[in-house]
Amino acid sequence: MQFTVDATDGRARACTLVTAHSTVRTPVFMPVGTAAVVKALDTEDLTDRLGAQIVLANTYHLYLRPGDATVAELGGLHGFTGYGRSFLTDSGGFQAFSLSDIARPDDEGILFRSHIDGSSHYFTPAKVLDIQYNLGSDIMMILDDLVALPATRERIALSIDRTTRWAARSIAYHRASQARGIGVDQNIFAIIQGGTDPHFRKISAEALCAMDFDGFAIGGLSVGEANQAMYDTVEFTTPLMPADKPRYLMGVGTPEDLVENIERGVDMFDCVMPTRNARNGTLFTSFGKINIKAAKFKKDESPIDESCDCYTCRRHSRAYLNHLYRARELTYFRLASLHNLHYYFTLMGRAREAILAGKYAAFKRDFYNKRQK
C-alpha cells in the first residue's frame with residue numbers, strides 16, 4: 001500500500017491510498033457489501049453510476065456462505081463479484097459475537113455458533129487472516145476482543161489485553177505468510193478499543209500503534225453512546241495514531257458524524273445507514289432527511305433533492321418513488337440506494353475539496369446552515 005497525506009486543514013486530512021486494485025482518495029465512505037454485494041445494486045451501479053472507490057465485505061458471512069474457499073476458487077472477491085476496485089474485509093468478530101446464539105471469547109479466539117445452521121466455529125487471529133487471504137481483499141481487519149458497553153473496567157482491561165496479544169499474533173502471522181508468498185498485496189489494519197474511556201483508549205492505541213500495521217481503526221463506537229462521547233473519544237484518539245498511515249472509524253454513521261469526524265482527523269468510514277435507510281424510506285438530502293413514504297409526496301413532481309445530480313434525481317420524481325415504495329416494488333430499493341450513496345460520496349468529495357483548499361471550516365458551516373433552513 002502506498003499512502004500519502006495530500007493536505008491538512010486543522011486535523012482534517014485529504015489523503016491518497018493506493019492498493020493493488022485502485023487508488024482511493026480520502027476522506028472516503030465505504031458502502032457495506034456484507035455478502036459480497038451492496039444490497040439492491042450491481043457492479044455497474046457501483047462503478048459507473050456511483051464511482052465507489054472501495055467496498056466493505058464481511059468475513060463472517062462469506063466464511064459461512066458461500067465459503068471463503070469457494071470465493072478463492074472463483075477468483076477472490078474481485079473475480080467473484082466483477083468489482084475490480086478495492087475491497088476491505090472486517091474480521092468477522094463482531095458478527096460472531098452479535099449474531100451467534102453462543103459467542104464465547106477466550107484467550108485464543110472466539111467460539112461461536114452459525115446463525116444459519118447452528119454449527120460451531122472458532123475464530124482465531126490466524127484463522128480470520130486465512131479466510132481473508134482466500135477472499136483476496138485489499139485491506140484485512142484483524143480479530144479483536146469485543147466488549148458490549150456499558151462494561152466494567154475489568155472487562156474493558158481484559159478486552160484491551162486480548163486485543164493487543166491477538167494483534168501481535170496477527171502481524172507476526174501476516175508477515176510470515178507474506179514471506180511465503182501469501183497475501184503479498186494485502187494490507188492489515190489493527191483496531192483500537194477502549195470504550196469511551198481516554199485511559200483505556202490511550203493504552204490500546206499506544207500498544208497497537210507500536211506494531212507494524214499498514215493502518216489503524218477506531219472500533220467500539222457508535223454502539224449507543226451519546227454522539228458527543230463518540231466525538232470526544234475520536235478527538236482524543238486520532239492524535240495517538242500515526243500521521244503517515246490511514247485512520248478508519250468503524251461503523252459510523254450519519255452525515256453529521258462524517259463531517260464531525262473528518263474534522264477530527266479520520267480518513268475512512270463505513271456504515272449500513274445510507275442503504276438500510278434507503279430501503280426503509282429515509283432519503284438523505286442537502287437540507288436534511290425526508291421520509292419518501294409520507295402522503296405529502298404522492299403527487300410531488302420534484303426530484304428528491306433539486307441540487308442532486310444522481311441517476312435517480314435526474315430521472316424520477318418523489319411521486320414515483322413514493323408509489324414504488326408503497327407498492328413494494330423492488331426497483332424502489334435500487335433507486336433509493338443509488339441516491340443515498342451518491343449523496344454520501346458527494347459529501348466526501350466536497351469535504352476533500354474543502355480540505356485541499358484550506359476551507360473545511362466554511363464547508364462545515366455551509367453543511368449545517370443548509371440543514372437549518
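Modeller: A residue is called buried when its relative accessible area is under 20%, exposed when it is over 50%, and partly exposed in between, using a 1.4 Å probe and protein chains only. The structure is a predicted model, in which local features need pLDDT of at least 70, side-chain atom pairs count only at pLDDT 80 or more, and totals for chains, interfaces and linings use all residues. Residues are numbered from 1 along each chain as its sequence is written, and side-chain values use heavy atoms, leaving out hydrogens and water.

Colleague: Why is V37 called partly exposed?

Modeller: The relative accessibility of V37 is 39%, which lies between the two cut-offs, so V37 counts as partly exposed. V37 sits in the loop between β5 (32–33) and α1 (43–50). Helices (H or I, at least four residues) and strands (E, at least two) are DSSP runs, numbered from the N terminus.

Colleague: What makes A36 buried?

Modeller: A36 has 16% relative accessibility, and therefore counts as buried. A36 also has a positive phi of about 65° although it is not a glycine. Most residues other than glycine have a negative phi, and most peptide bonds are trans.

Colleague: Which other residue has a positive phi without being glycine, with a value near 60°?

Modeller: That is R328, in the loop between α13 (318–327) and α14. R328 counts as partly exposed because its relative accessibility is 47%.

Colleague: Which peptide bonds are cis?

Modeller: One of them runs from T26 to P27, with omega near 5°. Another runs from V252 to G253, with omega near -10°.

Colleague: How do you know that the length of helix α14 agrees with its number of residues?

Modeller: The expected span of a helix is 1.5 Å times one less than its number of residues. The 27 residues of α14 (residues 330–356) should therefore span 39 Å, and the end C-alpha atoms are 40 Å apart, which agrees.

Colleague: Why is α14 described as largely enclosed by the rest of the structure?

Modeller: Of the 27 residues of α14, 19 are buried, so the description fits.

Colleague: How do you know that C308 and C310 are not bonded through their sulfurs?

Modeller: A disulfide is a covalent bond between the sulfur atoms of two cysteines. Here a disulfide is taken as a pair of cysteine sulfur atoms within 2.5 Å. The sulfur of C308 is 3.6 Å from that of C310, the closest cysteine sulfur, so the pair is too far apart for a bond. The structure holds 0 disulfides. C310 counts as buried because its relative accessibility is 1%, and C308 counts as buried because its value is 14%.

Colleague: What makes α10 roughly antiparallel to α15?

Modeller: Axes are lines fitted to C-alpha atoms, for helices over the stretch in contact, and angles run from 0 to 180 degrees between N-to-C directions. Angles under 35 degrees count as roughly parallel, over 145 as roughly antiparallel, 65 to 115 as roughly perpendicular and the rest as oblique. The axes of α10 (residues 255–263) and α15 (residues 360–371) come within 11 Å and cross at roughly 160°. That angle is over 145 degrees, so α10 is roughly antiparallel to α15.

Colleague: Why is α7 called roughly parallel to α8?

Modeller: The axes of α7 and α8 (residues 198–209) come within 10 Å and cross at roughly 10°. That angle is under 35 degrees, so α7 is roughly parallel to α8.
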